[in-house]
2 protein chains.
Amino acid sequence: MQYDLILSNIGKYVKLTEAEASFFTSKLQLKEVGKKAYVLQQNERCRHLYFLNSGTLRAFHLTARGKESTVMFAIADWWITDMYAFTNDQPSVMNIKAVEDSQLMCLSYPDLELIWEKIPKFEKFFRILMQKAYVREQLRSIQNLSLPATERYDRFVSKYPAIVKKVTKKQIASYLGVTPEFLSTIRKER
Amino acid sequence: MQYDLILSNIGKYVKLTEAEASFFTSKLQLKEVGKKAYVLQQNERCRHLYFLNSGTLRAFHLTARGKESTVMFAIADWWITDMYAFTNDQPSVMNIKAVEDSQLMCLSYPDLELIWEKIPKFEKFFRILMQKAYVREQLRSIQNLSLPATERYDRFVSKYPAIVKKVTKKQIASYLGVTPEFLSTIRKER
DNA sequence: AATAAAAATTAATGTACCTTAAGAATACAA
DNA sequence: TTGTATTCTTAAGGTACATTAATTTTTATT
């Protein structure tokens with residue numbers, strides 16, 4: 001049922017007993033959002049960590065001048081939140097919006113702290129999750145600094161084919177840090 | 001003595017007993033490196049996680065065409081390694097080199113696993129460490145995508161004044177993703 | 001199906017930043 | 001202290017990418 005995906009996601013890294021699993025799932029809230037709905041608005045407090053059961057989300061930062069920068073995409077089986085705002089209880093620095101109808105599991109920070117306290121295995125699980133997220137971001141930084149846009153696009157397409165199928169070119173452009181017009185000329189060259 | 005800094009660093013987030021602290025420090029190896037010495041070479045295996053007692057290190061990626069991109073700097077009280085290579089036992093994607101004479105504590109992956117197993121509090125500590133590193137990298141990505149070089153420089157200087165004192169303009173330029181020549185024209189405008 | 005709205009493309013022009021090259025300042029080694 | 005390397009700066013010319021604007025294509029709405 002609705003907890004299968006999230007439990008198997010966690011199960012890749014730690015083994016939970018029945019009791020632990022049911023304590024954990026008792027803290028989850030199901031949320032359904034329609035396409036274009038906001039899961040989080042920039043400057044608001046970010047009260048939840050989200051796990052995607054289905055659908056697609058996009059996190060993006062908006063500058064004063066209205067420029068959008070895509071921070072990340074999430075599809076089924078991914079975790080997403082504004083980690084800065086969520087863990088520091090600060091106004092969020094990004095929006096999270098549904099690219100298509102999506103189903104999410106929500107976990108509040110107080111509940112997450114309870115879970116960490118009661119089931120230390122979850123510290124391990126989140127350590128691994130954060131470690132992988134850190135590595136992903138660091139490799140992205142390296143690529144942004146060292147590669148021209150054309151190669152960044154090629155690598156994005158081959159690394160995230162499932163995402164490419166779901167999101168617009170405009171959204172990919174804002175993830176890569178180029179305009180949609182320029183991405184279009186890049187693609188013509190292929 | 002030599003363990004004071006690292007223990008107080010850890011103590012900010014978890015409280016260790018005497019026995020735990022001494023088990024932990026028993027796994028640490030002291031290393032001294034001279035200015036310009038390599039702590040890690042790109043493509044080599046990355047066998048250690050490092051904590052800086054003193055000095056300054058710089059991690060940078062080198063492209064086939066010889067272009068350097070600075071991934072991060074580390075000064076006293078910072079942790080540093082090629083986290084991708086270290087945790088996945090893969091060839092490293094970056095070099096780590098001493099900007100000045102430095103003293104480090106080294107921890108191997110097998111020892112770190114022992115520590116995690118024996119003292120679960122260390123899972124929590126590293127969860128927090130990875131979480132902060134992830135947030136730092138994500139905010140950097142946002143800034144790289146949304147701000148022009150001149151503002152990225154200003155923010156770097158105000159966020160990391162202690163690092164600015166230690167490293168060259170050329171190294172800062174390669175962290176910001178601009179050439180030293182262009183950084184020079186930016187600085188003239190201040 | 002018709003209309004509206006958003007995305008994608010194309011092309012002309014513009015600019016932030018790069019490349020090359022040379023000179024000046026700073027640090028390093030003999 | 002002198003020479004040598006490295007960094008930093010300045011300036012001219014070049015390029016990757018942005019901006020603007022118009023057209024086409026795709027998607028969403030009634």
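**Close-up views of two protein chains and two DNA strands**

α9 (180–189) of chain A, along with α8 (169–176) and α9 (180–188) of chain B, each give at least two residues to the surface near DNA strand D. Helices (H or I, at least four residues) and strands (E, at least two) are DSSP runs, numbered from the N terminus. This is a predicted model, in which local features need pLDDT of at least 70 and side-chain atom pairs count only at pLDDT 80 or more, while totals for chains, interfaces and linings use all residues. Residues are numbered from 1 along each chain as its sequence is written, chains are lettered from A and ligands numbered from 1 in the order in which they are written, and side-chain values use heavy atoms, with hydrogens and water left out.

**View 1. The protein surface around DNA strand D.** Here 15 residues surround the strand, and the closest are A:Lys35, A:Thr179, B:Lys169, B:Lys170 and B:Ser184; a residue is near a molecule or strand if one of its heavy atoms lies within 4 Å of it. Of the atoms of DNA strand D that come within 4 Å of the protein, 75% belong to sugar and phosphate. α9(B) provides the largest share of this surface, with four residues. By residue class, the surface near DNA strand D has four nonpolar, four polar and seven charged members. In this scheme Ala, Val, Leu, Ile, Met, Phe, Trp, Tyr, Cys and Pro count as nonpolar, Asp, Glu, Lys and Arg as charged, and the others, Gly among them, as polar.

**View 2. Phosphate contacts on DNA strand D.** Look for A:Lys35, where a polar side-chain atom lies 2.3 Å from a phosphate oxygen of DNA strand D. The backbone takes part as well: a backbone N or O atom of B:Lys169 is 2.8 Å from a phosphate oxygen of the strand, and a polar backbone atom of A:Ala149 is 3.3 Å from a phosphate oxygen. A polar contact is a pair of N or O atoms within 3.5 Å; within protein, one must be able to donate a hydrogen and the other to accept it, and residues adjacent in sequence count only if both atoms are side-chain atoms.

**View 3. The protein surface around DNA strand C.** Among the 15 residues around this strand, A:Lys169, A:Lys170, A:Ser184, B:Lys35 and B:Thr179 come nearest. Sugar and phosphate make up 76% of the atoms of DNA strand C that come within 4 Å of the protein. α8 and α9 of chain A and α9 of chain B each supply at least two residues of this surface, and α9(A) gives the largest share, four residues. Two backbone contacts to phosphate oxygens of DNA strand C are worth finding: a polar backbone atom of A:Lys170 at 2.8 Å and a backbone N or O atom of B:Thr179 at 3.1 Å.

**View 4. The interface of chain A and chain B.** Chain A brings 36 residues to the contact and chain B brings 37 residues, where contact means heavy atoms within 4.5 Å. About 3,400 Å² is buried between chain A and chain B, and carbon and sulfur atoms give 65% of that area; buried area is the accessible area (1.4 Å probe) that two parts lose on being put together, summed over both. A:Arg127, A:Tyr134 and A:Leu145 supply 22% of the area that chain A buries against chain B, more than any other three residues.

**View 5. Salt bridges across the interface.** The rule finds four salt bridges between chain A and chain B, each a side-chain nitrogen of Lys or Arg within 4 Å of a carboxyl oxygen of Asp or Glu. The side chains of A:Arg65 and B:Glu151 form a salt bridge, with N to O at 3.8 Å. A:Arg65 and B:Glu151 also belong to a salt-bridge network with B:Arg155.

**View 6. B:Ser69 and its neighbours.** B:Ser69 sits in strand β4 (residues 68–75) of chain B and is buried, at 2% relative accessible area. Buried means under 20% relative accessible area, exposed over 50%, and partly exposed in between (1.4 Å probe, protein chains only). Not counting residues up to four places away in sequence, B:Ser69 touches A:Leu145, A:Ser146, B:Ala59, B:Phe60, B:His61 and B:Ser174.

**View 7. A salt bridge between two helices of chain B.** B:Lys121 pairs with B:Glu20 in a salt bridge, the closest N and O atoms being 2.8 Å apart. B:Lys121 lies in helix α5 (residues 121–146) and B:Glu20 in helix α2 (residues 18–26) of chain B, so the pair ties together parts that are 101 residues apart in sequence. B:Lys121 is partly exposed at 30%, whereas B:Glu20 counts as buried at 18% relative accessibility.
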